Amino acid sequence: MSIPPLMPVYPRCDVRPVEGDKCHLIDEDGTRYLDFASGIAVNLLGHSHPGLIGAIQQQAARLMHVSNLYGSPQGEALAQRLVDKTFADTVFFTNSGAEAVECAIKTARAYHQHEDGNPQRTELITFTSAFHGRTMATISASNQDKMHKGFLPLLPGFRYAEFDDLESAKAQMSDRTAGFLVEPIQGEGGIRPASQQFIEGLRALCDEHDLMLVFDEVQCGVARTGKLYAYEHYGVKPDVMASAKGIGGGFPLGACLATEKAARGMGFGAHGSTYGGNPLAMAAGTAVMDAVANDEFLAEVTEKGERLRARLEQFIGNYPELFDRVRGLGLMLGLRMKVESRPFFVHLRDNHQLLTVAAGDQTLRVLPPLVAGDAEFDEFFEKLSAGAASYDPSAA
Ligand SMILES: *Cc1c(COP(=O)(O)O)cnc(C)c1O
């Protein structure tokens with residue numbers, strides 16, 4: 001047999017981590033890597049946070065899983081905290097980002113298919129370069145052909161407009177439009193924050209036509225940008241929002257948040273998940289909220305983000321042939337390059353033991369754990385400088 005036992009859908013590299021130490025990963029052969037990828041914006045407390053580990057250990061010893069047929073004191077408590085800290089009135093817990101987006105899509109459709117709704121409103125307008133996950137609905141929600149190839153037919157009910165272009169969004173609207181699904185800051189698309197005017201414009205269209213504004217904050221949410229959720233930067237509230245990645249700090253957890261009005265179609269029997277919201281996941285999510293959902297922590301992320309960004313701006317001036325500009329908010333930063341970012345990301349990883357993430361639009365994602373500080377930033381710039389100095393794009 002030539003197919004490996006792990007289905008070969010990921011082009012896995014030779015870094016094979018077996019241990020984490022705060023902002024570092026340690027490989028099978030003992031090599032230490034500085035981790036400014038954070039499992040793609042997941043390990044926001046780093047790799048060995050005592051609060052998170054302790055919460056998971058204690059809960060694992062007490063109770064890991066029960067069916068959602070039973071009452072959930074752990075789930076009620078975490079949902080209440082999210083409700084207290086966000087626009088939302090109600091929360092459905094999932095095990096991943098794609099499942100959180102799936103629940104958001106179902107919530108938006110069910111809003112219109114409710115008895116007081118407009119059942120012909122079944123289409124969500126989504127945006128170019130979006131990433132919403134890898135299930136059938138979430139690949140159908142993205143206009144990227146490379147994710148569709150081999151998996152046709154797509155799920156109907158999605159129309160694609162140009163990201164950050166309000167006129168393009170309007171042009172896709174019809175009496176079948178259910179709402180908009182958008183990442184306020186595109187992650188995989190290349191750390192591209194939507195403009196204030198775009199997000200405000202979508203909100204206004206939703207208000208005017210009674211549509212659902214659905215934010216996918218799977219990557220930009222949970223303190224990454226210096227706010228608990230990125231929508232707070234815009235002063236614009238969604239009706240429904242998907243959250244995941246950082247929300248479990250490394251434990252698989254996602255959430256679909258909604259207002260009471262938006263969730264009117266999500267009654268008994270409308271949705272479910274065997275594992276979703278199990279006590280172990282709730283313990284992890286609660287430990288993350290304990291650490292990040294307070295003004296001091298968020299102010300620190302903002303302040304660190306500004307410091308890192310200022311240093312990046314200064315740094316790229318030394319290599320005008322490689323770097324175009326710095327984008328993003330808080331500790332969700334992207335270096336837009338003038339050359340392909342993927343070979344440079346490989347070079348940093350393999351030759352300088354620095355982990356970042358490549359993204360669309362020739363962008364290198366810089367996503368440190370939110371607990372990184374000046375020592376890690378210094379090490380990052382040492383590695384990045386050495387990497388840029390030794391890099392020959394024509395040889396890549
Ligand atoms: C990662 C991501 C997803 C999918 O999350 P999974 O946990 O991989 O299913 C969805 N939306 C955005 C914006 C993401 O970054």
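1. Start with the ligand site: sorted by class, the shell around the ligand has three nonpolar, five polar and three charged residues. Keep in mind throughout that this is a predicted model. The names to pick out on screen are S96, G97, A98, F131, H132, G133, E183, D216, V218, Q219 and K245, which make up the surroundings of the ligand.

2. Now for some polar contacts to the ligand. The side chain of K245 puts an N or O atom 2.6 Å from a ligand oxygen. Q219 also uses its side chain, with a polar atom 2.7 Å from an oxygen atom of the ligand. A98 does it through the backbone: one of its polar backbone atoms sits 2.7 Å from a ligand oxygen. As for cover, the ligand has 380 Å² of accessible area on its own, and the protein covers 81% of that.

3. Next, have a look at the second largest pocket, which holds about 770 Å³ of space. Its lining runs to 27 residues, and those nearest the centre are N68, T90, V91, F92 and F93. Which elements give two or more residues to this lining? They are α3 (73-85), β4 (90-94), α4 (97-113) and β12 (254-258). The top contributor is β4, with four residues. In character, the lining of this second largest pocket splits into 13 nonpolar and 13 polar residues, plus one charged.

4. There is also a cavity to note. How many cavities of 30 Å³ or more does the structure hold? Just one. The largest cavity has about 40 Å³ of space, and its lining consists of V66, S67, N68, Y70, G71, S72, Q74, G277 and P279. That lining has six polar and three nonpolar residues, with no charged ones. If N68 rings a bell, it is because you met this residue above: N68 is among those nearest the centre of the second largest pocket, and N68 lines the largest cavity too.

5. Last, a sheet. Four strands make an open sheet with mixed pairing, in the order β1-β2-β3-β15. Why do β1 (17-21) and β15 (354-355) each have a side without a neighbour in the sheet? Both stand at the edges and have a single partner strand each, so one side of each is left free of a neighbour. Further in, β2 (residues 24-27) pairs with β3 (residues 32-35) in the antiparallel sense, over three bridges. To find your place in that pair, look for H24, which stands opposite L34 in β3.

Note on methods. Residues numbered from 1 in each chain as written. Predicted model: local features only at pLDDT ≥ 70, side-chain atom pairs only at ≥ 80, totals over all residues. Heavy atoms only, no water. 1 Å grid on protein atoms, 1.4 Å probe; cavity = no way out; pocket = protein on both sides within 12 Å on 5 of 7 lines; lining within 4 Å. Points joined across faces, edges and corners; volume = space filled by probe spheres on them. Nonpolar A, V, L, I, M, F, W, Y, C, P; charged D, E, K, R; others polar. Near = heavy atom within 4 Å. Polar contact = N/O pair within 3.5 Å; in protein donor to acceptor, adjacent residues only side chain to side chain. Areas by Shrake-Rupley, 256 points an atom, 1.4 Å probe, with all protein chains shown as cover. Pairing = 2+ DSSP bridges.
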